[in-house]
Amino acid sequence: MKEISVSSKCIYFVVLITIPILLFLSNWNSSSSTITTTTSYSDSNLKIRSGYTTYDTYIQKQLNKTLNPKLRKIWMTRDWDRKIQIFSKFFTDLKNENLLSDTSKVLCIGARMGQEVEALKRIGVLDSIGMDLVPYPPLVMKGDFHNQPFDDRTFDLEFSNVFDHALFPVKFVSEIERTLKSGGVCVLHVSLSRRGDKYSANDLYSVEPLKKLFKRSELVRTRTVDGFGLDTEVVFRKER
């Protein structure tokens, strides 16, 4: 009976990992492969990494991380509770500053397995959803942060710790400002003191480029954080 139980658990875990991958493959639009990776953005404090010949090349590199079975196992097991606890603290701080409330409609961009979404729900922000290239229902739906699948002025708050994965920072930010409600808040966790991993598409060296990118928002504050290798929290509020 013990052997059967162990085998059943293994099968269950494989299914949990496989279903999101199959959902992604069944929905992916191959037309994205025709989009070339050109960008007019230039700033000495924000460098776009080279090496992407097409948008599909960029997407595939991101998927190499997101669909990595070993990483997904870590995200679902060892990292699950730890990340939820840390995200819960970050979001509780935002509630204490009246930047977030229980009635807020929240989007977490690049949420992978959805720990940040689960954290929001546990502190009472129930109308929260994550978005990533690979869905993980019910916490995370499929979407590309360069082209969000949402109507204008949908969310009260948008959170992301994957700005370094944006190949087109201008588009990344403009989509946030498009889908934020007037007076809505965007919270970014970024790294200024260290460079991202091999999957990062840009390197940010100061907050100044972000202030230029958020054309319809004002900077609320910045603070130092310890967020899974990211050291700075930047908060913007969209103009009313």
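The exchange below works through salt bridges, helix features, nonpolar cores and aromatic pairs in a predicted model.

Trainee: How many salt bridges does the structure hold?
Mentor: Side chains of opposite charge can pair when their charged atoms come close. One such pair here is D197 with K65. The structure's count of salt bridges is 19.

Trainee: How far apart in the chain are D197 and K65?
Mentor: Their side chains meet in a salt bridge, 2.7 Å from N to O. D197 sits in the loop between β6 (180–190) and β7 (202–204), and K65 in helix α2 (residues 55–66). The pair links distant parts of the chain, and the separation is 132 residues.

Trainee: Is K65 buried or partly exposed?
Mentor: Buried means under 20% relative accessible area. D197 has 32%, so D197 is partly exposed. K65 has 13%, so K65 counts as buried.

Trainee: Which strands does the salt bridge between D156 and K181 tie together?
Mentor: The closest N and O atoms of D156 and K181 are 3.4 Å apart. The two residues are 25 apart in sequence, and each lies in a strand, so the bridge ties together separate parts of the chain. D156 lies in β5 (residues 155–160) and K181 in β6.

Trainee: Are D156 and K181 buried or partly exposed?
Mentor: The cut-off for buried is under 20%. D156 has a relative accessible area of 25%, so D156 is partly exposed. K181, at 29%, also counts as partly exposed.

Trainee: Where do R178 and E175 lie?
Mentor: They form a salt bridge, with the closest N and O atoms 2.9 Å apart. An α-helix has 3.6 residues a turn, so residues three or four places apart point the same way. R178 and E175 are three residues apart, about one turn, and both lie in helix α6 (residues 169–179).

Trainee: Which residue makes a polar contact with the side chain of D93?
Mentor: D93 is in helix α4 (residues 80–96). At 17% relative accessible area, D93 is buried. Its side chain has a polar contact at 3.2 Å, and the partner is the side chain of R223.

Trainee: Which residues are linked with D93 in a network of salt bridges?
Mentor: D93 and R223 also make a side-chain polar contact. Both belong to the network. The other members are K89, E97, R221 and E233.

Trainee: Which residues of helix α3 are buried, and what arc do they cover?
Mentor: Helix α3 spans residues 69–76, and its buried residues are R72, W75 and M76. They are on the same side of α3, because the arc they cover around the axis is only 95°.

Trainee: Which residue caps the N-terminal end of α3?
Mentor: The cap uses a side-chain oxygen. That oxygen lies 2.9 Å from the backbone nitrogen of K70. The capping residue is N68.

Trainee: Which residues touch the most other members of the largest nonpolar core?
Mentor: This core has 35 residues. Elements giving two or more residues to the core are α2, β2 (106–109), α6, β6, α7 (208–213) and β9 (230–238). The residues that touch the most other members are Y58, I109, F145, F163, F172 and L210.

Trainee: What is F145 in contact with, leaving aside its neighbours within four places in sequence?
Mentor: Its contacts include the core residues Y58, I109 and F172. E175, buried at 4% relative accessibility, is also in contact with F145. The others are M131, V162, H165, A166 and K171.

Trainee: How many residues does the second core have?
Mentor: The second core is separate. I84, F87, F159 and V187 are among its members. Its residue count is 28.

Trainee: How many aromatic pairs does the structure hold, and is the pair of Y55 and Y58 stacked or tilted?
Mentor: The structure holds eleven aromatic pairs. The ring centres of Y55 and Y58 are 5.4 Å apart. Their planes are at 35°, so the pair is tilted.

Trainee: Which residue forms a stacked pair with Y55?
Mentor: The rings are 6.0 Å centre to centre, with 20° between the planes. Y55 is in helix α2, and its partner, 113 residues away, is in the loop between β5 and α6. That partner is F168.

Trainee: Which residues form one aromatic cluster with Y55?
Mentor: Y55 is buried at 5% relative accessible area. F168 is buried at 15%. The residues in the cluster with Y55 are Y52, Y58 and F168.

Terms used. Residues numbered from 1 in each chain as written. Predicted model: local features only at pLDDT ≥ 70, side-chain atom pairs only at ≥ 80, totals over all residues. Heavy atoms only, no water. Helix = DSSP H or I, 4+ residues; strand = E, 2+ residues; numbered from the N terminus. Buried < 20%, exposed > 50% of the residue type's maximum accessible area, 1.4 Å probe, protein only. Polar contact = N/O pair within 3.5 Å; in protein donor to acceptor, adjacent residues only side chain to side chain. Salt bridge = Lys/Arg side-chain N within 4 Å of Asp/Glu carboxyl O. Arc of directions from axis to C-beta. Core = buried A, V, L, I, M, F, W, Y, C linked by side-chain atoms within 4.5 Å. Contact = heavy atoms within 4.5 Å. Phe/Tyr/Trp six-rings, centres within 6.5 Å; stacked < 30°, edge-to-face > 60°.
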